[in-house]
Amino acid sequence: MRNWIKSGGDEPRLYGTRSTTCYGGSSTRWRGVASFACVLALMALAAPFGHARDRGQYANTNPDLKAWFDGLRSGKGPCCSDADGSALSDSDWDSKDGHYRVRVPRYGYAIDGQKQELVWVDVPEEAVIAEPNRVGRTMVWPIYGYMGVTIRCFMPGSMT
């Protein structure tokens, strides 16, 4: 107990408890640099696997039609492309008094391989594409977020 009192007791110390010898000082510095280099090397090795690939699924696509899809816009912004949209059957969309509604999956992902529940969503007026439909089929571009599903773009087809 006497040593504790002589050492100052509860008073703060001016110096750290680490020894002030210079042994191994550079090794701890290089350890951080080596860790950083390893992280950079792992990122460089993993980068090629994250790039998008053209697997040929759009090889037979008409370039003019693809350019038209890529340029589609609604009042909510660009629709992106045909790959981002979904074609709807006639039973999955409806028109009443000039307003549209569509039936889309509740979630943007499958849950344990179960069949998705379909919900009716009203299409906002600004999401309707005003230009003529060059493909003939009804298409919708849904957005899934924390508030549920909303419609970014909707292109009505011919209800036959």
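Among contacts in the chain (heavy atoms within 4.5 Å) between residues at least 6 apart in sequence, 56% join residues at least 24 apart. The model is predicted: local features need pLDDT of at least 70, side-chain atom pairs count only at pLDDT 80 or more, and totals for chains, interfaces and linings use all residues. Residues are numbered from 1 along each chain as its sequence is written, and side-chain values use heavy atoms, with hydrogens and water left out.

**Whole chain**

Select the whole chain and colour by secondary structure. There are three helices and eight strands; helices (H or I, at least four residues) and strands (E, at least two) are DSSP runs, numbered from the N terminus. Read from that end, the order is α-α-α-β-β-β-β-β-β-β-β.

Switch to a surface view. The accessible surface is about 12,500 Å², with 56% of that belonging to carbon and sulfur atoms; the areas come from the Shrake-Rupley method with a 1.4 Å probe, and for residues only the protein chains shown count as cover. Of the 160 residues, 18% count as buried. Buried means under 20% relative accessible area, exposed over 50%, and partly exposed in between (1.4 Å probe, protein chains only).

**Sheet 4-5-6**

Next, select residues 93-96 (strand 4) and 99-105 (strand 5), then add 118-122 (strand 6). These three strands form an open antiparallel sheet in the order 4-5-6. Strands 4 and 6 are the edges, each pairing on one side only. Two strands pair if DSSP finds at least two bridges between them. On average, neighbouring strands here are turned by 25° against each other, direction ignored; axes are lines fitted to C-alpha atoms, for helices over the stretch in contact, and angles run from 0 to 180 degrees between N-to-C directions.

Four bridges join strand 4 to strand 5, and Ser95 has Tyr100 as its bridge partner in strand 5. Zoom in on the hairpin of these two strands: two residues lie between them, and Asp97 takes a positive phi near 55°. On the other side of strand 5, five bridges link strand 5 to strand 6. One place to look is Arg103, whose bridge partner in strand 6 is Trp120.

**Asp92**

Keep Arg103 displayed and select Asp92, in the loop between strand 3 and strand 4. Is Asp92 buried or exposed? Asp92 counts as buried because its relative accessibility is 14%. Its side chain makes a polar contact with the side chain of Arg103 at 2.8 Å. A polar contact is a pair of N or O atoms within 3.5 Å; within protein, one must be able to donate a hydrogen and the other to accept it, and residues adjacent in sequence count only if both atoms are side-chain atoms. Not counting residues up to four places away in sequence, Asp92 touches Arg101, Val102, Arg103 and Trp120.

**Sheet 3-7-8**

Now select 86-88 (strand 3) and 148-155 (strand 8), together with 138-145 (strand 7). This is an open sheet of three strands, order 3-7-8, with antiparallel pairing. Strands 3 and 8 are its edges. Neighbouring strands are turned by 40° against each other on average, direction ignored.

Three bridges pair strand 3 with strand 7; Ser86 has Val140 as its partner in strand 7. Strand 7 is joined to strand 8 by seven bridges. Finish at the hairpin of strands 7 and 8, which has two residues between the strands, and show Tyr144, which stands opposite Val149 in strand 8.
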